[in-house]
Amino acid sequence: GGGGGGAMVKGAAGKAKKRTTFVIDCSKPVDDKIMEIASFERFLADKIKVNGKAGMLGDSVKVAREKSKVVVTAEIDMSKRYLKYLTKKYLKKHNVRDWLRVIASNKDRNCYELRYFNIADNEAEEEDE
């Protein structure tokens, strides 16, 4: 089986690569054409910071689009909260922050959904983590 190599890695003393995948499901606003998934994907790619620098994703972070979802794969430590923060920033920038909220999916803890505010359930507001 060949293999070997990889001895060039310095300073990564036994740090296992931890890959996290986050999904932001935008299907509702995208279906209603109030949100452009391509521009959201670009926004995230520009805004996510790696080592304190925005727009320099390199191999550490991948932002990909799957239909009306944006999938972020991080090889570095990235908090889910950070993505929520960026998503809200995007919504605000596009003036849809008043209609949409970012909520954690019940099914998958690394998944967010963009949902419309439901006036009726304002009582059950933002149960965050």
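Start by selecting C111: in this predicted model, its sulfur lies 9.6 Å from the closest cysteine sulfur, which belongs to C26, and that is too far for a bond. C111 has 10% relative accessibility and so counts as buried.

Next, select C26. Seen from this end, the closest cysteine sulfur is the one in C111, again 9.6 Å away and too far for a bond. C26 is buried as well, because its relative accessibility is 0%. A disulfide would require the two sulfur atoms to be within 2.5 Å. Searching the whole structure for disulfides gives 0.

Now move to the hairpin. Select residues 61-66, which are strand 4, and residues 69-74, which are strand 5; the two pair in the antiparallel sense over 6 bridges. To check the register, pick A64 and look across to strand 5, where V71 stands opposite. Between the two strands of the hairpin there are 2 residues. Select K67 in this turn: its phi is positive, at about 50 degrees.

Then select helix 2, residues 37-47. Which of the residues in helix 2 are buried? They are I37, S39, F40, E41, F43 and L44. Show these as side chains and keep the following point in mind. An α-helix has 3.6 residues a turn, so residues three or four places apart point the same way.

Last, keep the buried residues of helix 2 on display and add what covers them. The cover includes strand 4 and strand 5, the two strands of the hairpin. Also included are strand 1 (20-25), helix 1 (27-31) and helix 3 (80-93).

Technical notes:
Residues are numbered from 1 along each chain as its sequence is written. This is a predicted model: local features need pLDDT of at least 70, side-chain atom pairs count only at pLDDT 80 or more; totals for chains, interfaces and linings use all residues. Side-chain values use heavy atoms; hydrogens and water are left out. Buried means under 20% relative accessible area, exposed over 50%, partly exposed in between (1.4 Å probe, protein chains only). Two strands pair if DSSP finds at least two bridges between them. Helices (H or I, at least four residues) and strands (E, at least two) are DSSP runs, numbered from the N terminus. Contact means heavy atoms within 4.5 Å.
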